[in-house]
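Visitor: Could you walk me through this structure, one feature at a time?
Guide: Gladly. Let us have it in view before we start.

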Amino acid sequence: MIEQYAADYSAAEQRLKGTEDDQSSIHYPTVFLFIGDESEQAIEPMMKSNELRWANNAGVVYCHVSSTSGANAGKGSGNNFFNIPLTGLPTILDDKRTIREQIGKSFHSTGEHLIVLNRTLRRINDSIGDYGRMYASFDRLHLAVITRADDPMNILLPDVVLLAQSIFGSLFKSVQMDLFVLIQEREQAETFGYAAASGISFLRELERFQQPDFHYNAPLQMTGDGLTIPVDHGPASLFDLVYMLSDRNERGMTAHNGMEHNYEIICRIMLLKNKSRKDSSVHYSGESYNNTSFKHSLRAESGRIGFVSAGLAKVQRPAYAIALTVLYHLFDQIIVRLQATTELGSKEKLRFFGLDAVTLTGRSNEMISDGDKLDDMKGLITSGIKYEQLRGMTLREAEAALYGNGCEAFFNKHFVEAAERRLQNINISKEIQYSLSRSMKEHTEITFYHLFKWTDENNATGEVTLSVRDKIRELTRAIEDVQQELEATLSMRVEDLKFQRVPFMDKRNVRTFIHTFLDVVYGLRLAVLKLETELSIYRRFAIELEVLNQWYRVRIERMNDLRAQLKMAAKQSISLSDDYIGQNVFEYYERVTTDVIQELEEKRGASMLFEERYIGNVLERIEQGESSFIERLIIVCRRDILTTERFNQSFEEELLQRANVSVSYSNRKVLPKDELFQQLYRMLEENATINIRLFDYTHKLRYEEQYFFGDRNSEFIRYAFGMDEASRIHKLGSLHENRSSGVEKLHLMGGFHLEDLIYYRNAKVFYEAYLKDGYKFHSIDQNELPVLR
């Protein structure tokens, strides 16, 4: 859930900020044609990238020519994805030695694959026609062909591409075709050597396609009745430009997610070549891209057109990390407020639980029968013993002589057992919950964090539980004292008991003794019973407080666990950012989040976070499940925090403030804006290294152009055009995008040839070795191919 939230925020930050500026729309219709199974992994990332950056992305068509049905490719992408499965073609499981050759021969030997291709490409043509309103012009179609060098299916590339060109040509005046070759240089353990040889076989064929005198004729178009129509090409090179993109850059370093980076480069190049011309009247010092001029600059004296590679560097607000960091700090601020110090005293805290002395003493008295019941004992029948016989006995002996066990039985039945029954009917848990419910309504500032602390006997702040424990000890001592007094009383002689005696009136003396005896002895026993009953109530409350404390402990541990998870997610996302771009994110957005929350509280009240419109009752949310709580946090972040002005700064201003977050106001060592811009400029220059390794780093035919993607009116881009202006040897331009979340730099470099590639020189050895061993990589005579250089 939090990953989706962060991804959504990051995506929203990358989208155009204003609908009035459609500079990032493409001018002509565009089709991305992926050839081979290995290119499938590029489809979804490129679709997502274009969805974020191209206003009319819904009209872009994606087509995948594969050997299978490709059920996963483009899943859920709507009506603009087409899969063309050429099932039945030989696979590498059939015969690895001749797989490329057999695919080429099989394709031409049967018409079933051509039927599938023709039908689907015509459907695509019709589909493009339906998207007409999304484009400024229908004069031209841009066809971007993507394949991986070592994919055996790319032996069909000229057939598929020329068929597509001929069919699309029926709707458009011209079809401009560019080829993007993905090269995987990282060693592939299972196909070591063979993948390199397969890649060279394609590059050798590619060099043939790109020769100015390349000519190709084949019966590729097919009617619904099965009639074939030849497609003729040339003499001319097959593609307008060919781009080589490797998973290793010019320095030989393998970038993290190197191929994913190349997918983004392809999308930026296609936008650069096909950007909307709506604001062509708006002039800026940066030059615009001119495809004809760029292509002309790649031509060698011999007439050979060089290949192109590219690099892409980004400097943008780390929106993903920011979203997770703000989410964590909101959570943290909630905990701070839940733990806020309260002003309740010890007695008020006890009253909060319904445990104050007055309430519990009254509660225990309710358990005991009316004391008047003791008077009923005076009516019990005695044995008729005379006072003279009693006077020398102890009170215990006298009771036995008078009543046997009758008094004790009466007391047990009408007092002890009645108290026990009433105690059993008490629902301590329910009573505490009732008291807490009532008290929480009266004191809305009290939270389950406070209740946990007050009931934690292992904590000095656990006053409620400690007070109950103290009361239990106090009652235990009081019971012992009264019982000792009772024992002492029962052991004294009748004649020592103070009561009025009348000489010669035996019966009256016995009756007076009985009344005094019952008042004293059973008065003490009733006092013991009251204390024991109160003790029993306190003990049950102590047990319930322990249960309650454990219940709160579990909830707080869940909160702590959630807090730790959110913090870890935020920290990890920050660590994935560039060290410079990701600096001080955690510290800066702690301050920002705190400030925004305080501003909201000043406007809407100190307890606004706990209103239903915001987080609501945290404990209830946790009980509904952690996801319910996190969902509310995300809603508040999206609606009330991330939408404030503090999050609407340009990326330059935001980065400058973050860079200086730890600098005090009195400290003059603040990072100046010019120094920040210089660091950003150098970072973009450093990270925009082209994604191909060349044997001669500074070969004489090297031609370069660089383009900024971002708000051309931003301070940083204005600064960048002035930087190194006098010594700059490459063309520098910009493509305006109405967004403030960052800037990108696309570096185009062209003019090199196959023999300049380190990949070519290294893999050629494997290619020659496999050929000598009898492997067949081509479906045409090798004499038709250019010589290995």
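**Reading the model, feature by feature**

Guide: Asn584 sits in the loop between H19 and H20. Keep in mind throughout that this is a predicted model.

Visitor: What is notable about the phi of Asn584?
Guide: Asn584 has a positive phi, about 60 degrees, although it is not a glycine. As for its surroundings, Asn584 counts as partly exposed because its relative accessibility is 21%, and the buried class stops under 20%.

Visitor: Which residues does the cis peptide bond join?
Guide: Gly234 and Pro235 are the two residues, and omega there is about 5 degrees. Pro235 belongs to the loop between strand S7 (228-233) and strand S8 (241-246).

Visitor: How far from Pro235 is Ala319, in sequence and in space?
Guide: The two are 84 residues apart in sequence, and their C-alpha atoms are 50 Å apart in space. Ala319 is found in helix H9 and is buried, with a relative accessible area of 5%. Leaving out residues up to four places away in sequence, Ala319 touches Tyr9, Ser10 and Glu13.

Visitor: Let us step back to the whole chain. How many helices and strands are there?
Guide: The protein has 26 helices and twelve strands. To read its overall form, set the radius of gyration beside the value for a globule: the protein has 44 Å, but a compact globule of 789 residues would have a value near 28 Å. The C-alpha trace spans about 155 × 65 × 50 Å along the principal axes.

Visitor: What share of the residues counts as buried?
Guide: Of the 789 residues, 53% do. Contacts add another view: take those between residues at least 6 apart in sequence, and 81% of them join residues at least 24 apart.

Visitor: Now the charged pairs. How many salt bridges does a search of the whole structure find?
Guide: It finds 44. One of them pairs the side chains of Glu185 and Arg693, at 3.2 Å from N to O. Glu185 lies in the loop between strand S5 (174-183) and helix H6 (194-209), and Arg693 in the loop between helix H24 (673-687) and strand S10 (703-710), so this salt bridge ties together parts that are 508 residues apart in sequence.

Visitor: Are Glu185 and Arg693 buried or exposed?
Guide: Both Glu185 and Arg693 are buried.

Visitor: Which residue forms a salt bridge with Glu601?
Guide: Arg337 does, with the closest N and O atoms 2.5 Å apart. Glu601 is in helix H20 (residues 585-604) and Arg337 in helix H9 (residues 319-338), so the pair links parts 264 residues apart in sequence. Glu601 and Arg337 are both buried.

Visitor: How are Arg268 and Glu264 placed in helix H7?
Guide: They are four residues apart in helix H7 (residues 258-273), and so about one helical turn separates them. Their side chains meet in a salt bridge of 3.0 Å, N to O. Arg268 counts as buried, because its relative accessibility is 3%. This pair also belongs to a network of salt bridges that links Arg53, Glu264, Arg268, Lys314, Glu737 and Glu744.

Visitor: And how does one look for pockets?
Guide: Rolling a probe the size of a water molecule over the atoms shows where empty space is left. Here, the largest pocket holds about 2,100 Å³ of space. It is lined by 50 residues, and the closest to its centre are Asn257, Glu264, Lys314, Gln316 and Leu576.

Visitor: Which elements each supply at least two residues of that largest pocket's lining?
Guide: Helix H1 (2-14), helix H2 (40-53), H7, strand S9 (307-316), H9 and H24 each do. By class, the lining of the largest pocket divides into 18 nonpolar, 16 polar and 16 charged residues.

Visitor: What is the volume of the second largest pocket?
Guide: It is about 870 Å³. Of the 30 residues lining the second largest pocket, Met440, Thr444, Ile446, Thr447 and Asn617 are the closest to its centre.

Visitor: Which helix gives the most to the lining of the second largest pocket?
Guide: H16 does, with five residues. Elements that each supply at least two residues include H9, helix H17 (448-454), helix H19 (506-575) and helix H21 (618-624). The lining of the second largest pocket has 14 nonpolar, ten polar and six charged residues.

Methods. Residues are numbered from 1 along each chain as its sequence is written. This is a predicted model: local features need pLDDT of at least 70, side-chain atom pairs count only at pLDDT 80 or more; totals for chains, interfaces and linings use all residues. Side-chain values use heavy atoms; hydrogens and water are left out. A salt bridge is a side-chain nitrogen of Lys or Arg within 4 Å of a carboxyl oxygen of Asp or Glu. Buried means under 20% relative accessible area, exposed over 50%, partly exposed in between (1.4 Å probe, protein chains only). On a 1 Å grid over the protein atoms alone, a cavity is a set of points where a 1.4 Å probe fits but cannot get out, and a pocket is an open set with protein on both sides within 12 Å along at least five of seven lines; lining residues have an atom within 4 Å of a point. Grid points are joined across faces, edges and corners, and a volume is the space filled by probe spheres set on the points. Ala, Val, Leu, Ile, Met, Phe, Trp, Tyr, Cys and Pro count as nonpolar, Asp, Glu, Lys and Arg as charged, and the others, Gly among them, as polar. The radius of gyration is taken over C-alpha atoms; the globule rule is 2.2 Å times the number of residues to the power 0.38. Contact means heavy atoms within 4.5 Å.
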